[in-house]
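Let's take a walk through this model, starting where protein meets DNA and then stepping back to the whole chain.

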Amino acid sequence: MAVTDRKLLERIWAAVAAIPRGRVASYGAIARRAGAPRRARFVGHALKVAPARLKLPWHRVLNAQGRISLPPGSRAHRLQRRLLEAEGVRFSNGRVERAARGDDADLDAFLWRPRD
DNA sequence: GTTGTGACGACTT
DNA sequence: AAAGTCGCCACAA
């Protein structure tokens, strides 16, 4: 039985859809939340093949370093950054600005915080 | 079947 | 800090 189950794709899409406006989550965090730890790469794939009809907030998904994973300089990269900045996500040096506290906190610690 | 390539990430040098 | 290495695995060629 292939792991590429429709179910997993749907769980990933649901997890992405649940990222609140102005917040971001890492591919790995989404994978874990979808019940597929270590499948971060697959999350990228899931976003790529996601039906536009779902209108997923795909731009809120960044890599573990807090950086946009799309090719720097590409149209998609600029669009993602623009969408994020439009909802108040600030960047500094190509990285999402760390939330106030916890300079050394793991990125996932401040990422993914649905409703405080 | 095999190989190379990724919208990745954790670990080790 | 930066670069390797390895795990992961769908997909295209």
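A polar contact here is a pair of N or O atoms within 3.5 Å; inside the protein, one atom must be able to donate a hydrogen and the other to accept it, and residues adjacent in sequence count only if both atoms are side-chain atoms. With that in hand, look at Ser-69: an N or O atom in its side chain sits 2.8 Å from a phosphate oxygen of DNA strand B. Ala-64 also meets a phosphate oxygen of that strand, this time through a polar backbone atom at 2.5 Å. Tyr-27 goes for a base instead, with a polar side-chain atom 2.9 Å from a base nitrogen of DNA strand B.

A quick note on ground rules: this is a predicted model, where local features need pLDDT of at least 70, side-chain atom pairs count only at pLDDT 80 or more, and totals for chains, interfaces and linings use all residues. Residues are numbered from 1 along each chain as its sequence is written, chains are lettered from A and ligands numbered from 1 in the order written, and side-chain values use heavy atoms, leaving out hydrogens and water.

Now the wider DNA surface. There are 13 residues around DNA strand B (near means a heavy atom within 4 Å). Sugar and phosphate make up 43% of the strand's atoms that come within 4 Å of the protein. Helix H3 (40-49) gives the most to this surface, with 5 residues. Helices are DSSP runs of H or I with at least four residues, strands are E runs of at least two, and both are numbered from the N terminus. Chain A has 5 helices and 4 strands, running α-β-α-α-β-α-β-β-α from the N terminus on.
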